[in-house]
Amino acid sequence: MLEVRNLVKAFGGVRATDDVSMTFPSGSLTAIIGPNGAGKSTFFNQLSGALRPDSGQILLDGQDLVGLSIGEIVRRGVGRAFQVASIFPSLTVEETMLAAVSAHHRHAMALAGRFPLPSTRAHAEHCIALVGLADKRAMLAANLSHGDQKLLDIALALVLEPRVLLLDEPTAGMGPEERWRVIEKVRELWETQKITVIFIEHDMDIVFRIAPSIRVLSYGRVLAEGTPQEIRTNPAVIEAYLGTDHEVAA
(Lines give C-alpha, C1' and ligand atoms only; values in the text may rest on other atoms or scores of the structure.)
Protein backbone atom coordinates (compact mmCIF):
# COMPACT_ATOMS: atom_id res chain seq x y z
CA MET A 1 0.00 0.00 0.00
CA LEU A 2 1.13 3.53 -0.80
CA GLU A 3 0.17 6.09 1.82
CA VAL A 4 0.76 9.84 1.62
CA ARG A 5 0.47 11.78 4.87
CA ASN A 6 0.23 15.57 5.17
CA LEU A 7 2.48 16.30 2.19
CA VAL A 8 3.58 19.93 1.88
CA LYS A 9 5.73 21.51 -0.84
CA ALA A 10 6.00 25.28 -1.20
CA PHE A 11 7.62 27.43 -3.86
CA GLY A 12 8.03 30.88 -2.36
CA GLY A 13 4.69 31.78 -0.85
CA VAL A 14 2.73 29.24 -2.93
CA ARG A 15 1.97 25.79 -1.57
CA ALA A 16 1.96 23.46 -4.58
CA THR A 17 0.89 20.62 -2.29
CA ASP A 18 -0.84 21.74 0.86
CA ASP A 19 -1.33 19.06 3.53
CA VAL A 20 -2.11 16.35 0.96
CA SER A 21 -3.06 12.95 2.36
CA MET A 22 -4.11 9.98 0.21
CA THR A 23 -4.07 6.19 0.42
CA PHE A 24 -3.62 3.92 -2.59
CA PRO A 25 -4.36 0.25 -1.78
CA SER A 26 -2.12 -2.36 -3.37
CA GLY A 27 -3.34 -3.27 -6.84
CA SER A 28 -5.58 -0.20 -7.17
CA LEU A 29 -6.08 2.01 -10.25
CA THR A 30 -6.47 5.71 -9.45
CA ALA A 31 -6.76 8.86 -11.57
CA ILE A 32 -5.46 12.20 -10.32
CA ILE A 33 -7.31 15.12 -11.89
CA GLY A 34 -7.60 18.86 -11.39
CA PRO A 35 -7.17 22.20 -13.16
CA ASN A 36 -3.82 23.48 -14.37
CA GLY A 37 -1.72 24.55 -11.41
CA ALA A 38 -3.55 22.21 -9.04
CA GLY A 39 -0.31 20.55 -7.92
CA LYS A 40 -0.61 17.26 -9.82
CA SER A 41 2.90 17.25 -11.30
CA THR A 42 4.43 18.45 -8.03
CA PHE A 43 2.64 15.59 -6.29
CA PHE A 44 4.07 13.06 -8.76
CA ASN A 45 7.54 14.58 -8.49
CA GLN A 46 7.45 14.03 -4.74
CA LEU A 47 6.23 10.44 -5.08
CA SER A 48 9.07 9.64 -7.49
CA GLY A 49 11.76 11.49 -5.53
CA ALA A 50 12.36 14.25 -8.07
CA LEU A 51 11.25 16.76 -5.42
CA ARG A 52 11.67 16.45 -1.67
CA PRO A 53 8.62 17.55 0.33
CA ASP A 54 9.02 20.27 2.93
CA SER A 55 7.12 18.05 5.34
CA GLY A 56 5.00 14.93 5.36
CA GLN A 57 5.51 11.24 4.69
CA ILE A 58 5.31 8.95 1.66
CA LEU A 59 4.99 5.39 2.93
CA LEU A 60 5.29 2.31 0.73
CA ASP A 61 4.29 -0.73 2.73
CA GLY A 62 5.08 1.25 5.88
CA GLN A 63 8.56 2.42 4.81
CA ASP A 64 9.07 6.17 4.37
CA LEU A 65 10.48 7.16 0.96
CA VAL A 66 11.03 10.83 1.79
CA GLY A 67 14.70 11.77 1.55
CA LEU A 68 15.72 8.71 -0.48
CA SER A 69 17.40 9.12 -3.86
CA ILE A 70 15.42 8.53 -7.05
CA GLY A 71 17.40 5.35 -7.63
CA GLU A 72 16.61 4.02 -4.19
CA ILE A 73 12.91 4.87 -4.58
CA VAL A 74 12.94 2.93 -7.87
CA ARG A 75 14.57 -0.01 -6.11
CA ARG A 76 11.89 0.15 -3.42
CA GLY A 77 9.26 -0.32 -6.15
CA VAL A 78 8.11 3.02 -7.61
CA GLY A 79 8.35 3.40 -11.42
CA ARG A 80 7.33 6.36 -13.55
CA ALA A 81 6.56 7.08 -17.20
CA PHE A 82 6.58 10.73 -18.21
CA GLN A 83 4.29 12.96 -20.26
CA VAL A 84 7.03 13.25 -22.89
CA ALA A 85 8.30 9.74 -23.62
CA SER A 86 11.93 9.17 -22.60
CA ILE A 87 13.18 6.90 -25.39
CA PHE A 88 16.35 6.33 -27.39
CA PRO A 89 15.34 7.33 -30.95
CA SER A 90 18.34 5.73 -32.68
CA LEU A 91 17.71 2.29 -31.14
CA THR A 92 15.11 -0.27 -32.14
CA VAL A 93 12.42 -1.29 -29.68
CA GLU A 94 14.31 -4.50 -28.94
CA GLU A 95 17.67 -2.75 -28.53
CA THR A 96 16.09 -0.18 -26.22
CA MET A 97 14.61 -2.85 -24.00
CA LEU A 98 17.78 -4.98 -23.94
CA ALA A 99 19.80 -1.93 -22.91
CA ALA A 100 17.28 -1.05 -20.18
CA VAL A 101 17.15 -4.58 -18.77
CA SER A 102 20.95 -4.89 -18.84
CA ALA A 103 21.31 -1.60 -17.00
CA HIS A 104 18.68 -2.60 -14.46
CA HIS A 105 20.39 -5.92 -13.80
CA ARG A 106 23.80 -4.23 -14.00
CA HIS A 107 24.94 -6.63 -16.67
CA ALA A 108 27.54 -4.23 -18.03
CA MET A 109 29.40 -6.92 -19.93
CA ALA A 110 26.20 -8.25 -21.46
CA LEU A 111 25.28 -4.72 -22.55
CA ALA A 112 28.64 -4.28 -24.28
CA GLY A 113 28.67 -7.77 -25.76
CA ARG A 114 27.11 -9.00 -28.95
CA PHE A 115 24.91 -11.63 -27.35
CA PRO A 116 22.77 -10.60 -24.35
CA LEU A 117 22.29 -13.04 -21.50
CA PRO A 118 19.24 -15.30 -22.00
CA SER A 119 17.64 -13.90 -18.84
CA THR A 120 18.14 -10.36 -20.15
CA ARG A 121 16.51 -11.17 -23.47
CA ALA A 122 13.64 -13.00 -21.77
CA HIS A 123 12.88 -10.05 -19.48
CA ALA A 124 13.07 -7.60 -22.41
CA GLU A 125 10.74 -9.74 -24.53
CA HIS A 126 8.31 -10.06 -21.63
CA CYS A 127 8.06 -6.27 -21.20
CA ILE A 128 7.74 -5.73 -24.96
CA ALA A 129 4.86 -8.20 -25.06
CA LEU A 130 3.14 -6.62 -22.06
CA VAL A 131 2.70 -3.31 -23.90
CA GLY A 132 1.80 -4.90 -27.24
CA LEU A 133 4.93 -3.98 -29.20
CA ALA A 134 6.15 -7.51 -30.04
CA ASP A 135 5.41 -7.05 -33.75
CA LYS A 136 7.38 -3.77 -33.76
CA ARG A 137 10.53 -4.94 -31.98
CA ALA A 138 12.70 -4.26 -35.05
CA MET A 139 11.44 -0.70 -35.60
CA LEU A 140 13.50 2.32 -34.63
CA ALA A 141 11.97 4.05 -31.64
CA ALA A 142 11.99 7.33 -33.61
CA ASN A 143 9.72 5.78 -36.25
CA LEU A 144 7.04 4.60 -33.83
CA SER A 145 3.74 6.44 -33.60
CA HIS A 146 3.29 8.80 -30.68
CA GLY A 147 1.14 6.24 -28.90
CA ASP A 148 3.66 3.44 -29.42
CA GLN A 149 6.46 5.67 -28.13
CA LYS A 150 4.40 6.18 -24.99
CA LEU A 151 3.92 2.42 -24.67
CA LEU A 152 7.67 1.92 -25.09
CA ASP A 153 8.26 4.44 -22.30
CA ILE A 154 5.83 2.48 -20.10
CA ALA A 155 7.69 -0.72 -21.00
CA LEU A 156 10.92 0.92 -19.82
CA ALA A 157 9.25 1.61 -16.48
CA LEU A 158 8.04 -2.00 -16.29
CA VAL A 159 11.63 -3.21 -16.67
CA LEU A 160 12.15 -1.94 -13.12
CA GLU A 161 9.48 -4.36 -11.90
CA PRO A 162 7.58 -1.66 -9.97
CA ARG A 163 4.93 -2.27 -7.36
CA VAL A 164 3.63 1.26 -8.00
CA LEU A 165 3.52 2.70 -11.55
CA LEU A 166 3.08 6.46 -12.02
CA LEU A 167 1.82 7.57 -15.44
CA ASP A 168 1.97 11.28 -16.20
CA GLU A 169 -0.73 12.05 -18.81
CA PRO A 170 -0.33 8.78 -20.73
CA THR A 171 -2.56 9.92 -23.63
CA ALA A 172 -1.31 13.50 -24.05
CA GLY A 173 -1.00 14.68 -27.65
CA MET A 174 -2.76 11.67 -29.22
CA GLY A 175 -5.72 11.45 -31.55
CA PRO A 176 -8.95 9.81 -30.32
CA GLU A 177 -8.31 6.32 -31.72
CA GLU A 178 -4.72 6.12 -30.50
CA ARG A 179 -5.69 7.60 -27.13
CA TRP A 180 -8.18 4.81 -26.46
CA ARG A 181 -5.78 2.13 -27.71
CA VAL A 182 -3.09 3.27 -25.26
CA ILE A 183 -5.39 3.67 -22.27
CA GLU A 184 -6.95 0.25 -22.84
CA LYS A 185 -3.42 -1.21 -22.82
CA VAL A 186 -2.80 0.60 -19.52
CA ARG A 187 -5.97 -0.94 -18.08
CA GLU A 188 -4.93 -4.36 -19.37
CA LEU A 189 -1.54 -4.00 -17.67
CA TRP A 190 -3.23 -3.09 -14.41
CA GLU A 191 -5.61 -6.03 -14.59
CA THR A 192 -2.98 -8.63 -15.52
CA GLN A 193 0.05 -7.45 -13.53
CA LYS A 194 -1.80 -6.57 -10.29
CA ILE A 195 0.34 -3.49 -9.68
CA THR A 196 -0.79 -0.18 -8.22
CA VAL A 197 -1.31 2.32 -11.06
CA ILE A 198 -1.73 6.06 -10.47
CA PHE A 199 -2.19 8.31 -13.49
CA ILE A 200 -2.67 12.01 -14.19
CA GLU A 201 -5.15 12.65 -16.97
CA HIS A 202 -7.04 15.63 -18.41
CA ASP A 203 -9.41 13.66 -20.66
CA MET A 204 -12.45 13.16 -18.46
CA ASP A 205 -14.02 10.59 -20.79
CA ILE A 206 -10.99 8.38 -20.19
CA VAL A 207 -10.94 9.04 -16.47
CA PHE A 208 -14.62 8.23 -15.95
CA ARG A 209 -14.40 5.15 -18.18
CA ILE A 210 -11.44 3.32 -16.64
CA ALA A 211 -10.63 4.69 -13.17
CA PRO A 212 -12.48 2.99 -10.27
CA SER A 213 -11.12 5.69 -7.94
CA ILE A 214 -10.52 9.39 -8.64
CA ARG A 215 -8.74 12.02 -6.54
CA VAL A 216 -9.19 15.72 -7.31
CA LEU A 217 -6.55 18.33 -6.50
CA SER A 218 -7.24 22.06 -6.52
CA TYR A 219 -4.81 24.77 -5.41
CA GLY A 220 -2.57 22.11 -3.90
CA ARG A 221 -5.24 20.57 -1.69
CA VAL A 222 -7.39 17.46 -1.96
CA LEU A 223 -10.77 18.74 -3.11
CA ALA A 224 -12.54 15.40 -3.38
CA GLU A 225 -12.08 11.67 -3.80
CA GLY A 226 -14.46 8.92 -4.78
CA THR A 227 -15.92 6.84 -7.57
CA PRO A 228 -16.55 8.29 -11.05
CA GLN A 229 -20.23 8.82 -10.22
CA GLU A 230 -19.41 10.54 -6.93
CA ILE A 231 -16.89 12.86 -8.60
CA ARG A 232 -19.18 13.66 -11.54
CA THR A 233 -21.93 14.85 -9.22
CA ASN A 234 -19.78 16.54 -6.56
CA PRO A 235 -20.81 20.24 -6.51
CA ALA A 236 -17.34 21.44 -5.47
CA VAL A 237 -15.66 19.51 -8.31
CA ILE A 238 -18.20 20.72 -10.85
CA GLU A 239 -17.61 24.31 -9.80
CA ALA A 240 -13.82 24.11 -9.62
CA TYR A 241 -13.06 21.88 -12.60
CA LEU A 242 -15.68 19.91 -14.51
CA GLY A 243 -18.29 22.55 -15.29
CA THR A 244 -21.98 21.89 -15.87
CA ASP A 245 -21.55 19.76 -19.04
CA HIS A 246 -20.36 16.80 -16.99
CA GLU A 247 -23.14 17.30 -14.44
CA VAL A 248 -25.71 17.07 -17.27
CA ALA A 249 -23.97 14.00 -18.70
CA ALA A 250 -24.05 12.29 -15.32
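Contacts that bridge distant parts of the sequence come up a lot here: among the contacts in the chain with a separation of 6 or more, 65% link residues 24 or more positions apart. The model is a predicted one, and its chain has 250 residues, of which 48% are buried. In terms of secondary structure, the tally is eleven helices and ten strands. The chain exposes about 11500 Å², and carbon and sulfur atoms supply 53% of that area.

Now for the strands, beginning with β1. Strand β1 covers residues 2-11 and pairs with strand β2, residues 14-24, in the antiparallel sense, with eight bridges between the two. Within this pairing, V4 sits opposite M22 of β2. The two strands make a hairpin, with two residues between them. One residue in that turn is G12, whose phi is positive, at about 65 degrees. Strand β1 also has a partner in β4 (residues 55-60): these two run antiparallel as well, and five bridges join them. Here R5 has Q57 of β4 as its bridge partner. As a bit of background, side chains in a regular strand alternate between the two faces of the sheet.

Another set of strands builds an open sheet. Six strands take part, and reading across gives the order β6-β7-β8-β3-β9-β10, with mixed pairing. At the edges are β6 (78-81) and β10 (221-226), each of which pairs on one side only. Going from one strand to the next, the twist averages 20 degrees. Helix α1, made of residues 40-48, packs on this sheet and touches β3 (29-33), β6, β7, β8 and β9 (213-218). The direction of α1 makes about 150 degrees with that of β7. Inside the sheet, β7 (residues 164-168) and β8 (residues 196-200) run parallel and are joined by five bridges. D168 is found opposite I200 of β8.

Two loop residues deserve a look for their backbone angles. Most residues other than glycine have a negative phi. E169 goes the other way, with a positive phi of about 50 degrees although it is not a glycine. This residue belongs to the loop between β7 and α7 (176-193). E169 counts as buried because its relative accessible area is 14%, and the cut-off for buried is under 20%. K194 also has a positive phi, near 60 degrees, and is likewise a residue other than glycine. K194 is in the loop between α7 and β8. With a relative accessibility of 65%, K194 is classed as exposed, since exposed means over 50%.

What about the aromatic rings? Searching the whole structure turns up zero aromatic pairs. There are, however, arginines lying over ring faces. R209 lies over the face of W180, 4.5 Å from the ring centre. R232 does this over the face of F208, at 4.5 Å from the ring centre.

Last comes Y241, a residue of helix α10 (residues 235-242). Y241 has a relative accessible area of 22%, so it is partly exposed. Setting aside neighbours within four places in sequence, Y241 is in contact with I33, G34, P35, H202 and M204. Take I33 from that list: Y241 and I33 are 208 residues apart in sequence, yet their C-alpha atoms are 8.9 Å apart in space.

Note on methods. Residues numbered from 1 in each chain as written. Predicted model: local features only at pLDDT ≥ 70, side-chain atom pairs only at ≥ 80, totals over all residues. Heavy atoms only, no water. Pairing = 2+ DSSP bridges. Helix = DSSP H or I, 4+ residues; strand = E, 2+ residues; numbered from the N terminus. Phe/Tyr/Trp six-rings, centres within 6.5 Å; stacked < 30°, edge-to-face > 60°. Lys NZ or Arg CZ within 6 Å of the ring centre and 35° of its normal. Axes fitted to C-alpha atoms, helices over the stretch in contact; angles between N-to-C directions. Contact = heavy atoms within 4.5 Å. Buried < 20%, exposed > 50% of the residue type's maximum accessible area, 1.4 Å probe, protein only. Areas by Shrake-Rupley, 256 points an atom, 1.4 Å probe, with all protein chains shown as cover.
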